[in-house]
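Biologist: I'm new to this one and would like to learn how to read it. Could you walk me through a few features?

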Amino acid sequence: MKKSFKIPLIIAGCLLGLFLIVNLAFSLWLKYQLPDYLKSKTPYGITYQSLDVSVLTGGISANKIMVKTKQPDNPYILALDGTLQNLKISRLGIIQLLKNKQIDANTILLDQPNLKIRLARSKNNKSEEDLMPFIIKNIGLKNGNIIIQKSDKSPLFSAKALNLDVKNLSLNQIPDELPFALDALVINAKDLYSRISPVYAVSMAEIKTDSEKLQMNDFELKSVPDFKTWESQFKNQKSLYNITGKSLVLASLAIGKNKLALKDAQLISPEIIIRNRNQSVQKALKSKKTFELNLDNIALVNAAVSVLKSNGEKSLSVNELNANVKGFLMNSETANNKLPFSWEDYNITGKRFFYDAGKYYHLTMASFHTNPSEIDIEYFKMVPKVTRSEFVRMIPMENDLFNLSATRVHLSGLQWKFEKDQPDVLVNYAKFTQVDANIFRSKIPKDNPKEKPLYSKLLRSIKFPLLVKNLDLVQSKLVYEEDKPDTNGPGKVIFTQFNMNVKNINSNKRKGEKTEVPIAIHCRFMDASPMQVNWNFDTANRHDDFTIKGSIGKLPAADITPFIKPYMNITATGIIASLNFNFRGNNDRMTGTFRIKHKDLKVNLLDKDTKKKKNILSAVANLLVKKDSEKFPEFVDIEVERNKQRSFFNFYWKGIEDGLKKTLLVIKVS
């Protein structure tokens, strides 16, 4: 062998021999001196029956271990008390343990641990969550009873009869990601408790895995601080959650540092309570990282949900809620959309729905069902919270008070999505059955100076594409009441057996679709006489042109008294055989023709203030009333200017009023 090769070989051999000697010496020191080292150099009293150490492999095994903290009241020491039947550690970084007091190992196996651990308080400004006391890839635990406390002795984790097998665990300290990731998890335990954040803790009577299936029984997610403490200390959070449930079952679970994937998750009989703060939320800095949440087929079974205001009053609730969502995904791609998530399909049903709709109304539904193409509601109600007199005192200007109900509301052929951060809604068919609508307006508050747009402009002002191809209102009832300061009770118009069909309700934002809106109405006017109306407008028409024509037949004149009395100061008797009108107009004026056929018509003129009959003027007026309509021209022309602070129906009524005056009397009624 050449001399040039002998020298490196000799050096390598010497180094190897030295390494073996050092490792052998260190192994002997660990074996014979470790007990004294643990006793004198650590804050624990540790005993064991046997101990085997291999420095070369980093392996340690021991059995019948007992550990006790020497200074249990010292908060700056990790308190560790209890027993352990067997301990096995592979590939332990012994130097890292002795130098930095950090456990760095490939695998740790604990048999029958019965341990109580209290975390140490940090001596600097770092929080306990900033400390990473161990780096262990694989953890096995058999039949353990574990209690872990924070440095203030508040509970952090506990479990009984704990059996655990974790593969490829990696801890994570990045705030916007999960605190850990793993490849596989097998866990079985009783009475498990875990503090998962500064706000929330989760507990369950039992947790178990079977193959990939994970099941939690009698679980609870609850807030640790009470509401007032949370409200003052966590000002960047809008809501506080409390969830209890009979069981949570997952067919499979995958946990990554920035990804959580669940398959066939089923939450059975949960009670979900959400309590919102009144104050605005302080916005936290947005993270550039996006968390990915993939829920493949998740279901709520027989859930009860309540949303509470800050004062504890209920703002929303639903019972017997069953929801199934398939293909739910939230990731970096969906985060850029108006809705930061997507789904493949969903099916939701519920009963006894309640919603506090603000200052004036409550909404209720007996039941509902919805999926991506359908919404079906039974026994819908929108009822006032206040009486009419209270409402009038509360409003600063004229406004309508609604009282609505419907036996059924059904939308089918529904398609909706978000494009360019705007919704796009298409409904093929909408049906409202047995609607009962009462609309009340008082003229006591001051006029609202804001312009009330006609319906074509109102629909056109919707900023997103909306199209309802066909709408039916069937077997319904509409009542409009208007109360004037100088009247004894409100004027009233009643429409019963109300059936209406509307086509192409649209916002003029969908290319290629028709914009004309034809409306056909059949009903009984004042619950007495057949009435039909055809009304048309076009949302693309910027002048808001419209036509409305119709007829009323066989109407006792006394039946229109509830409305003409407050506005024309007239009562009437006799028969109106037919009333026909044909109007056209725009946002400024309305013209057209009006005809009324009547028999033996008499009118009584009333005093404007007292509403008492003016006997002399009534007698004169009846001499001038056109009692027999057959003797006069068939139609009269009407022309009225629109008061833009009034609704379309006020505009329409003014046309009817003008026709009545011109047809019935040859003198001006004041």
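Modeller: We'll go through ring pairs, then a patch of charge, then some backbone angles. Keep in mind that this is a predicted model.

Biologist: Let's start with the rings. How many aromatic pairs does the structure hold?

Modeller: A pair of aromatic rings is described by the distance of the centres and the angle of the planes. In this structure there are 18 aromatic pairs. Take Tyr 455 and Phe 649: their ring centres are 6.1 Å apart and their planes sit at 65°, so we call the pair edge-to-face, the word for angles over 60 degrees.

Biologist: Where along the chain are Tyr 455 and Phe 649?

Modeller: In distant parts of it, 194 residues apart. Tyr 455 belongs to helix α5 (residues 455-460), while Phe 649 belongs to helix α8 (residues 648-664). Phe 649 is partly exposed, with 44% relative accessibility. Phe 649 also pairs with Trp 535: those centres are 6.0 Å apart with planes at 75°, so that pair is edge-to-face as well. Here too, distant parts of the chain are linked, since Trp 535 is in strand β29 (residues 529-538), 114 residues from Phe 649.

Biologist: Is Trp 535 buried or exposed?

Modeller: Buried means under 20% relative accessible area. Trp 535 has 8%, so it counts as buried. Tyr 455, by contrast, is partly exposed at 35%.

Biologist: Which residues do ring pairs link into a cluster with Tyr 455, Trp 535 and Phe 649?

Modeller: The others in that cluster are Phe 537, Phe 546, Phe 648 and Phe 651.

Biologist: On to charge. Which residues gather in a patch of negative charge on the surface?

Modeller: For a patch like this, you look for like charges on residues with over 30% relative accessible area and no salt bridge. Here the patch is made of Asp 264, Asp 296, Glu 344 and Asp 345. Asp 345 sits in strand β21 (residues 345-356) and is partly exposed, with a relative accessible area of 36%. Asp 264 is in strand β16 (residues 259-268), and its relative accessible area of 34% makes it partly exposed too.

Biologist: And the backbone angles? What is phi of Asp 264 near?

Modeller: Near 50°, a positive value in a residue other than glycine. So Asp 264 turns up twice in our tour, in the negative patch and with a positive phi. Asn 302 isn't a glycine either, yet its phi is positive at about 55°. You'll find Asn 302 in strand β18 (residues 292-308), partly exposed at 39% relative accessible area.

Notes. Residues are numbered from 1 along each chain as its sequence is written. This is a predicted model: local features need pLDDT of at least 70, side-chain atom pairs count only at pLDDT 80 or more; totals for chains, interfaces and linings use all residues. Side-chain values use heavy atoms; hydrogens and water are left out. Patches are made of residues with over 30% relative accessible area and no salt bridge: like charges are joined within 9 Å, nonpolar side chains (Val, Leu, Ile, Met, Phe, Trp, Tyr) within 5 Å. Accessible areas come from the Shrake-Rupley method with a 1.4 Å probe; for residues, only the protein chains shown count as cover. A salt bridge is a side-chain nitrogen of Lys or Arg within 4 Å of a carboxyl oxygen of Asp or Glu. Lys and Arg count as positive and Asp and Glu as negative; His and the chain ends are not counted. The place of a charge is taken as NZ of Lys, CZ of Arg, CG of Asp or CD of Glu. Helices (H or I, at least four residues) and strands (E, at least two) are DSSP runs, numbered from the N terminus. Buried means under 20% relative accessible area, exposed over 50%, partly exposed in between (1.4 Å probe, protein chains only). Rings of Phe, Tyr and Trp (its six-membered ring) pair if their centres lie within 6.5 Å; planes under 30 degrees apart count as stacked, over 60 as edge-to-face and the rest as tilted.
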